[in-house]
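Trainee: Could we take one part of this model and look at it closely, starting with how it is built and then following its contacts into the rest of the chain? I would like one connected answer rather than a list.

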Amino acid sequence: MITINVYPRAHDGDALAVKANAVLENYKSHGGRVLRTDSVPRTPDRPAEHFIGVIFGRPKFLEAAFGRFKLVDGVGCSIVYSHRIYGEKVGDQMSKWLNDNGPKMEKMLMDWNNSPSPASLRDLPRKQACVDGAKRFAAK
């Protein structure tokens, strides 16, 4: 699964770092075990970028999530790739998957340069629409 998040108030490297750190703390507070973090320092022609890799353990599945935080058209965004393995006691399977794919996934995310612009994402359905629909359904 790929998730794209837009942080409309993050317009520079410092604000993007604040968002990346907030996501990292959120992951930790929800039981995420940090596999790896990394930052690519800014250069004169490119703002800093950040990477977070975590694993979440749940009773019926394990989920690995890899996120890249970058500025796209001057707006903070994250692209998160998630991989789940369903079942109980799937730690060995996830370990093998991480060994075989973890570094490749990080490289793929950090090399990806065709991120959709935040402006192009504005017209897509929002999660809020689902919440409003659930409220209307519950009221019936």
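Mentor: The answer below starts from one helix, moves on to a strand that it packs against, and ends with the charged pairs.

The model is predicted, so local features are taken where pLDDT is at least 70 and side-chain atom pairs where it is 80 or more, whereas totals for chains, interfaces and linings use all residues. Residues are numbered from 1 along each chain as its sequence is written, and side-chain values use heavy atoms, with hydrogens and water left out.

The part I have chosen is helix H1, residues 13–29; helices (DSSP runs of H or I, at least four residues) and strands (runs of E, at least two) are numbered from the N terminus. H1 has 17 residues and spans 24 Å from its first C-alpha to its last, close to the 24 Å expected at 1.5 Å a residue, where the expected span is 1.5 Å times one less than the number of residues. At the start of the helix, a side-chain oxygen of Asp12 comes to within 3.2 Å of the backbone nitrogen of Asp14. This is a polar contact, that is, a pair of N or O atoms within 3.5 Å, of which, within protein, one must be able to donate a hydrogen and the other to accept it, with residues adjacent in sequence counted only if both atoms are side-chain atoms. After H1 comes Gly31, with a positive phi near 85 degrees.

Which residues of H1 are buried? They are Leu16, Ala20, Val23, Leu24 and Tyr27, where buried means under 20% relative accessible area, exposed over 50%, and partly exposed in between, with a 1.4 Å probe and protein chains only. Seen down the helix axis, the buried residues of H1 fall within an arc of 100 degrees, so they line one face of the helix; the arc is that of the directions from the axis to the C-beta atoms. The face turned away from this buried side carries the exposed residues Asp14, Val18 and Ser29. The buried residues pack against five strands, namely E1, E2 (33–40), E3 (49–58), E4 and E5, contact being heavy atoms within 4.5 Å.

Among these strands, E5 deserves a longer look. Of its 12 residues 10 are buried, so E5 is largely enclosed by the rest of the structure. Strand E1 (residues 2–7) pairs with E5 in the antiparallel sense over 6 bridges, two strands being paired if DSSP finds at least two bridges between them, and the bridge partner of Val6 in E5 is Cys77. E4 and E5 are also antiparallel, with 12 bridges, and Phe61 stands opposite Tyr86 in E5. The loop between strand E4 (61–72) and strand E5 (75–86) holds Asp73, which has a positive phi of about 55 degrees although it is not a glycine. At 64% relative accessibility, Asp73 counts as exposed. In the loop between E5 and helix H2 (91–111) lies Lys89, another residue that is not a glycine but has a positive phi of about 55 degrees; with a relative accessible area of 85%, Lys89 is exposed.

We can now turn to charge. The whole structure holds 9 salt bridges, each a side-chain nitrogen of Lys or Arg within 4 Å of a carboxyl oxygen of Asp or Glu. One of them lies in H1 itself, where Glu25 and Lys28 are 3 residues apart, about one turn of the helix, and their side chains meet at 3.3 Å, N to O. Glu25 is partly exposed at 46% relative accessibility, and Lys28 is partly exposed at 40%.

Two further salt bridges involve strands that the buried face of H1 packs against. Glu106 pairs with Arg36, the closest N and O atoms being 2.7 Å apart, and this pair links distant parts of the chain, with Glu106 in helix H2 and Arg36 in strand E2, 70 residues apart. Glu106 is buried, at 14% relative accessible area, whereas Arg36 is partly exposed at 38%. The side chains of Glu49 and Arg68 also meet at 2.7 Å, N to O; Glu49 lies in strand E3 and Arg68 in strand E4, so the pair ties together parts that are 19 residues apart in sequence. Both Glu49 and Arg68 are buried. Finally, salt bridges that share partners join Arg36, Asp38 and Glu106 into one network.
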